[in-house]
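I open this notebook to record what I looked up in the structure. My topics are aromatic rings and the packing of helices.

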Amino acid sequence: MDDYDVIIVGASIAGCTAATAYGRAGLRVALVERHRSPRAHKTLCGHFVLGGAHDVLQRMDFWQPMVTHGAAVTSGLGVWTEHGWIVPRPAGAVPPAISLRRAKLDPLLREIAAATPGVDLMPGHRVVDLLQDHAGGVRGVVTANGEAAGTELRARLVVGADGHHSTVARLAEVPEDHAPNERFLFWTYYEGATMNGPGDGQVWPVGRDVAVCIRVDDGLTQVGVFPAKDRLPEFTAERQAAFDRFVGGLPDGPSLGGARRVSNLVGTTDYPCVRRDPTPRPGLALIGDAATSSDPVPAVGCGWAFRSAAWLADATAEPLAQGGDLHRALRGYRRAHRFIDAYDAVGRREALARPPNSLQRAIRTAAVSDPDVSRRLALFAMRAAPPSVLLNPKVVIRAAVGSRAPRLRGRGPAAPARQPAGPR
């Protein structure tokens, strides 16, 4: 008899979501986490959960606890273009996004999972090996927690939820598909910042560069920049000064002159896109970043973690509880994961940091004045519908016609100079 029905490796967003779902389905779950501290959390994460995950967060009863812990809810983002701001219309047409810093989010989800009947949280346990059957299927893990001898845990299903450097995937020798990211990223938090654009936050796609300004918990404002890598020497020489110049030159950008920066710059100069088969071996599934680590610019990571974990539990909980066909159930999870695959293909192209092409320019221009194109663009950006909601012939034709229409009065300001002025 197996020790558990499911073993989940990694107790962050994806792992805690899956563990909670399986526990509520009446299954026995081992939630293995290498960190000992209950406050452990991921630091390199923008923690903006797109509106496409709203239904999952509501169904898992995560939304209200996140709000109770101070999460900021975003009902609409303004997108800057040289022809004016794009504002989603009508109000409420797109599900809301939510943002809670990982220092609060990870412990909250871990607490919920650990309190779920059937879930055994195992902090301080590292996975050092996999247990396999004669056919190469995965049947369990070997963990170490500082002791000389390892502990063997067995289950019908092992889930890798241990991030883009997944130990489970490495031990299972899962092939990796790498793609370059030609942008780097830095962000920080301000107290007392004033937003000057429309919506609850703003996005600036300016040439090859991108910037964002988002409300987060505790009344703070997160300001992030995603420059193309040819600007890396500026940031290498004077990181904070380069960041300030970049933000200070944003059209209708946030006013930071009277604000107080409350954190160091967080970021990295290289964040490649990594994709793995989410069902690579019998008895093994990957969720979250362990399956797909996408371009961070569209802020998909947290949403993919919540959604892939829920999809996996939806597909496999009943067969695990009733001794059904797990292989068939995992095929169902693989089909659901194609939604992420489709958007990851789009993200990989965007990560090349090329100037906007004619179709992108036409869609953005049309969305300034066309409510339907604006709504579709927002659904696409929030990953609340398949890519075809925007990338289809009907919308392309409509955008092409709309982009040739006379420009609205009061056009937006020109793109920022290469070396913009100091911060506001």
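**Entry 1: Aromatic rings**

I looked up Phe62 first and found a relative accessibility of 1%, so Phe62 counts as buried. I note that the model is a predicted one. Phe306 is likewise buried, its relative accessible area being 0%.

I then turned to ring pairs, of which I recorded 10 aromatic pairs. In the pair of Phe62 and Phe306, the ring centres are 6.1 Å apart and the planes stand at 55°, so I entered the pair as tilted. This pair links distant parts of the chain, 244 residues apart: Phe62 lies in the loop between helix H2 (54-59) and helix H3 (63-68), and Phe306 in helix H8 (residues 301-322).

I next checked Trp304 and Tyr343, whose ring centres are 6.1 Å apart with planes at 40°, so this pair is tilted. Trp304 belongs to helix H8 and Tyr343 to helix H9 (residues 326-350), with their positions 39 residues apart in the numbering. I found both Trp304 and Tyr343 buried. The two also belong to one aromatic cluster, formed by Trp304, Trp311, Phe339, Tyr343 and Phe380.

**Entry 2: Two helices**

At what angle do helix H1 and helix H4 pack? I recorded about 20° for H1 (residues 13-24) and H4 (residues 102-114), with their axes 9 Å apart. Because an angle under 35 degrees counts as roughly parallel, I described H1 as roughly parallel to H4. H1 passes H4 in a left-handed crossing.

I listed the residues in contact: Ile13, Cys16, Ala19, Thr20 and Arg24 of H1 meet Arg102, Leu105, Asp106, Leu109, Arg110, Ile112 and Ala113 of H4. Sorted by class, this contact holds 7 nonpolar, 1 polar and 4 charged residues.

How values were computed:
Residues numbered from 1 in each chain as written. Predicted model: local features only at pLDDT ≥ 70, side-chain atom pairs only at ≥ 80, totals over all residues. Heavy atoms only, no water. Axes fitted to C-alpha atoms, helices over the stretch in contact; angles between N-to-C directions. Helix = DSSP H or I, 4+ residues; strand = E, 2+ residues; numbered from the N terminus. Parallel < 35°, antiparallel > 145°, perpendicular 65-115°, else oblique. Left-handed = near helix turned anticlockwise from the far one by under 90°. Contact = heavy atoms within 4.5 Å. Nonpolar A, V, L, I, M, F, W, Y, C, P; charged D, E, K, R; others polar. Phe/Tyr/Trp six-rings, centres within 6.5 Å; stacked < 30°, edge-to-face > 60°. Buried < 20%, exposed > 50% of the residue type's maximum accessible area, 1.4 Å probe, protein only.
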